[in-house]
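Trainee: Could you walk me through this one? I'd like to start with how the protein chains meet and then move on to the DNA.

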There are 2 protein chains.
Amino acid sequence: MDTVINKVDAKGRVSLPADYRAIVKELNSEIVCYRSLSAPCIEGCVEDLLEKLAAEIENSTDFFSQTQDDLTNLIFGDARRFTFDSTGRIVLTEKLLQHAEITDTAVFVGKGRKFQIWNPQNWAKEEARIRAEVMKKRPVLNTGKCGGTN
Amino acid sequence: MDTVINKVDAKGRVSLPADYRAIVKELNSEIVCYRSLSAPCIEGCVEDLLEKLAAEIENSTDFFSQTQDDLTNLIFGDARRFTFDSTGRIVLTEKLLQHAEITDTAVFVGKGRKFQIWNPQNWAKEEARIRAEVMKKRPVLNTGKCGGTN
DNA sequence: TAAAATACCATGATATACCATAATTAATGT
DNA sequence: ACATTAATTATGGTATATCATGGTATTTTA
């Protein structure tokens, strides 16, 4: 999954990248989106992944624990299923768009089993930050034979 | 899933969100509501879940404890079935509305297998509280696959 | 029989599904 | 390797269906 940039129209409609659609179709599941907890972006995944997470929460905490209550509220309260129409678009809600500061353009970033949707400028900054972070943590690579320029 | 905000009229009528109705219809079951034990809100679920809930209470608290009896009594004493009319509305009782401090607007908050109905302002505060709380406890979450920092 | 609760009807708003065109990517042949 | 064609994908616009909500009629019950 690479990063693709798509337009968002006045109604919040965006084309879900074809690659993503293919996966969703194959699993014949549905997309779920929610506000990321860690960044100003929308996060999405396939529905069953969310259910697994819920199951994990239920198993890892006491049924009546405050934490479990909080987590289920946060996750299921925020998340929503998004079905795409015959042309492959979903309509993002105002809440999600605001959280990600998206107006007319959005960047889809693959993240393994999930993906994120960013405001292009914010993503550019974030990507730069990540690059810097990686370089700092792995100075070894710069001298080695493997990841170099050649 | 999701949070939707609906109006409550003078008679206590509220539209049960369409998604919820779809589920109830599919399971051809009915909605049960009761005063939440942990927060100033109304809690609801599909009828058969309430029985499972009772079982979970028995498992998660000491079998001989008074607490368990109290919990089951509280919930079952309070719970009531709510059928929705042809337009998809239920009428909430005065008791429930007062407990949740709801007058003319209500927020439905998805909670996985259950849902909650809140006074909008109270929910806003609660959501803020939860987000803050979760951020504090973040390390625990990072082991999961969906919703972590990454 | 009066009051309350419930079921039904009608309308406006909103969101969804569909169609048509533009742009991009992939494929083909020269 | 390039140009041309074909196929897929993205986007703008419009029609349709669904949903929420105010109001009214009918049933229940006290």
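Trainee: Which side chains meet in a salt bridge?

Mentor: Bearing in mind that this is a predicted model, the side chains of B:Lys111 and A:Asp69 form a salt bridge, with 3.6 Å from N to O. Across the interface of chain A and chain B, the rule finds 5 salt bridges, and 10 residue pairs are in polar contact there.

Trainee: Which elements of chain A touch chain B?

Mentor: Two or more residues each come from strand S3 (31-35), strand S4 (42-46), helix H2 (47-60), helix H3 (66-78) and strand S5 (80-82) of chain A. Of these, H3(A) gives the most to that side, with 11 residues. By class, the side of chain A that touches chain B has 13 nonpolar, 7 polar and 14 charged residues.

Trainee: And how much area is buried between the two chains?

Mentor: About 3000 Å² is buried between chain A and chain B, with carbon and sulfur atoms giving 56% of that area. In terms of residues, 34 of chain A are in contact with 34 of chain B.

Trainee: Why do the copies meet through different surfaces?

Mentor: Only 15% of the interface residues of chain A are also interface residues in chain B, so the surfaces through which the copies meet are different. Superposing chain A on chain B takes a rotation of 29° with 9.2 Å of shift along its axis, and the RMSD is 1.5 Å.

Trainee: Switching to the DNA, which residues come nearest to strand D?

Mentor: Of the 23 residues around DNA strand D, the nearest are A:Arg13, A:Arg89, B:Arg13, B:Arg21 and B:Arg89. An N or O atom in the side chain of B:Arg21 lies 2.9 Å from a phosphate oxygen of that strand, while an N or O atom in the side chain of A:Lys11 lies 3.2 Å from a base oxygen of DNA strand D.

Trainee: What classes of residue make up that surface?

Mentor: The surface near DNA strand D divides into 6 nonpolar, 6 polar and 11 charged residues. Of the strand D atoms within 4 Å of the protein, 43% belong to sugar or phosphate, and the rest belong to bases.

Trainee: Then what about strand C?

Mentor: There are 13 residues around DNA strand C, and A:Thr87, A:Val91, B:Arg13, B:Thr87 and B:Arg89 come nearest. Of the strand C atoms within 4 Å of the protein, 21% belong to sugar or phosphate and the rest to bases; a polar side-chain atom of B:Arg13 is 3.5 Å from a base nitrogen of DNA strand C.

Definitions and conventions
Residues are numbered from 1 along each chain as its sequence is written. Chains are lettered from A and ligands numbered from 1 in the order in which they are written. This is a predicted model: local features need pLDDT of at least 70, side-chain atom pairs count only at pLDDT 80 or more; totals for chains, interfaces and linings use all residues. Side-chain values use heavy atoms; hydrogens and water are left out. Copies are superposed by least squares on the C-alpha atoms of residues with pLDDT of at least 70 in both. Contact means heavy atoms within 4.5 Å. A residue is near a molecule or strand if one of its heavy atoms lies within 4 Å of it. A polar contact is a pair of N or O atoms within 3.5 Å; within protein, one must be able to donate a hydrogen and the other to accept it, and residues adjacent in sequence count only if both atoms are side-chain atoms. Buried area is the accessible area (1.4 Å probe) that two parts lose on being put together, summed over both. A salt bridge is a side-chain nitrogen of Lys or Arg within 4 Å of a carboxyl oxygen of Asp or Glu. Helices (H or I, at least four residues) and strands (E, at least two) are DSSP runs, numbered from the N terminus. Ala, Val, Leu, Ile, Met, Phe, Trp, Tyr, Cys and Pro count as nonpolar, Asp, Glu, Lys and Arg as charged, and the others, Gly among them, as polar.
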